[in-house]
Amino acid sequence: MRSYRTLFRTPEFTPFLLSFAAFAAAQTIGGLALATLVFRATGSPLLSAVSMFGPQLAQLLGGAVLLSGSDRLPPRAVLSGLALAFAAGTALLALPGLPVWAVFVVVLGQGLVASLGGGVRGGLLNEILPKDGYVLGRSVYNMLWGLTQMAGFATGGVLLALLSPRTCLLLAAVLYVMSALVTRLGLTARAPRSSGRPSVAATWRTNALLWSSRPRRLAYLGLWIPNGLIVGSDSLYVSYAPGAAGTLYAVGALGMLVGDMAVGRLVPPGVRPRLATPLRLLLAAPYLFFVLRPGVALSAVAVTVASVGFAASLVLQERLLSLTPDDLAGQALGLHATGMAAFQGIGALLAGTLAQLTSPAAAMTLMAAGSVTVTLALAALGRHEERRPADPGTSPDVLPEPAATD
């Protein structure tokens with residue numbers, strides 16, 4: 001599948017995107033409104049930031065205990081139920097007089113259940129599209145996420161200038177309900193991809209099974225670490241260029257859009273696997289020049305070019321799916337999303353610590369050097385793996401079927 005026309009003619013792809021867009025818009029507008037509300041109530045930048053990004057941290061716990069539901073629960077029911085749960089939680093956050101501790105209980109609860117969303121959506125997209133359409137479809141999904149974030153933050157800022165944060169939270173709750181409705185009315189009811197009931201034991205067992213293959217481990221590490229280190233560099237835009245941070249984030253989103261479009265639409269399928277390492281090197285190399293403290297214009301060019309390299313995730317996700325049975329695709333992608341969130345958080349923490357000890361420019365350069373080093377090491381390990389003969393009677397690229405006793 002090489003054309004957007006063919007892609008959007010695929011049944012259910014459009015309602016799948018619309019439901020995700022409404023959910024993402026609600027998250028963006030609601031997160032900004034909640035952070036504003038918490039900051040006005042506490043005056044604490046830390047609590048404000050945690051209220052906005054707390055759900056991402058809670059996904060780590062959810063990934064450890066809930067991911068088996070990504071393949072063992074009906075996807076339409078999970079996605080519509082998740083949207084309604086977020087609608088209820090967001091409406092609760094809008095209640096006047098809600099204590100700050102209660103706000104964080106709700107936020108962490110939302111993050112816990114949100115850990116199911118990435119795996120279910122990824123697995124469902126893999127079902128909706130033919131095998132040769134996943135990369136193009138995922139690139140459109142990524143582009144939509146970037147555009148929704150930009151539009152959502154811009155819209156949220158305007159709404160907060162006109163309305164109260166609580167009113168904006170209620171608007172976000174309405175968007176979550178719209179997402180649930182589009183999911184319920186626009187998607188077909190499908191049976192779970194895998195048999196058995198979801199449980200903590202099933203989550204751990206399947207995660208271990210996914211991690212047991214060396215090629216899959218290399219794919220996961222390639223998805224997580226270079227990306228996380230560069231997101232750490234991105235987290236320093238405000239301290240590096242306080243007056244131009246918004247510009248740098250905007251051109252970074254533009255670079256991501258260009259990369260996803262090029263890899264998803266223009267690059268032939270036979271060429272894509274060879275781009276994983278070059279794209280990851282492109283993601284990091286321009287940040288090496290930040291040690292020279294370039295001006296805003298040159299920094300924007302560097303960020304734009306580097307952000308094209310985020311398209312490496314499309315290539316590596318395609319590789320991961322090729323190494324994973326269809327009935328485990330949801331949990332495989334859910335594990336990727338959880339690990340990515342974790343390493344992005346670690347990258348931001350590490351970059352902030354380095355910037356505190358040195359300078360933002362030096363920290364960004366060190367993070368980029370680390371990303372290049374990891375990418376080259378993983379590429380060398382990958383070449384060694386390709387030359388290594390498989391054990392007799394086994395294939396390193398095939399997962400055994402999991403037991404379905406839970």
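Okay, straight to the salt bridge: the side chains of Glu12 and Arg190 pair up, with 2.9 Å from N to O. Keep in mind this is a predicted model. Now, where do the two partners sit? Glu12 is in the loop between helix H1 (4-9) and helix H2 (13-42), while Arg190 is in the loop between helix H8 (165-186) and helix H9 (200-211), so this pair ties together parts that are 178 residues apart in sequence. The structure has 3 salt bridges, and that's one of them.

Next, let's go to H16 and H17. Helix H16 covers residues 329-357 and helix H17 covers 360-387; they pack at about 135°, and their axes are 8 Å apart. So H16 is oblique to H17, and the crossing is right-handed. Who's touching whom? From H16 you've got Gly347, Leu350, Ala351, Leu354 and Ala355, and across from them in H17 are Pro360, Ala363, Leu366 and Met367. Sort those contact residues by type and you get 8 nonpolar, 1 polar and no charged.

Now, how far do we trust all this? Mean pLDDT for the protein is 84, with 91% of residues at 70 or more. Among the elements, helix H13 (residues 276-284) has the highest mean, 96, and helix H3 (residues 45-65) the lowest, 66. Then there's the stretch at residues 391-406, where pLDDT stays under 50. The model does give that stretch 34 contacts beyond four places in sequence. But where pLDDT is low, the predicted coordinates shouldn't be read in detail.

Notes. Residues numbered from 1 in each chain as written. Predicted model: local features only at pLDDT ≥ 70, side-chain atom pairs only at ≥ 80, totals over all residues. Heavy atoms only, no water. pLDDT = per-residue confidence, 0-100. Helix = DSSP H or I, 4+ residues; strand = E, 2+ residues; numbered from the N terminus. Contact = heavy atoms within 4.5 Å. Axes fitted to C-alpha atoms, helices over the stretch in contact; angles between N-to-C directions. Parallel < 35°, antiparallel > 145°, perpendicular 65-115°, else oblique. Left-handed = near helix turned anticlockwise from the far one by under 90°. Nonpolar A, V, L, I, M, F, W, Y, C, P; charged D, E, K, R; others polar. Salt bridge = Lys/Arg side-chain N within 4 Å of Asp/Glu carboxyl O.
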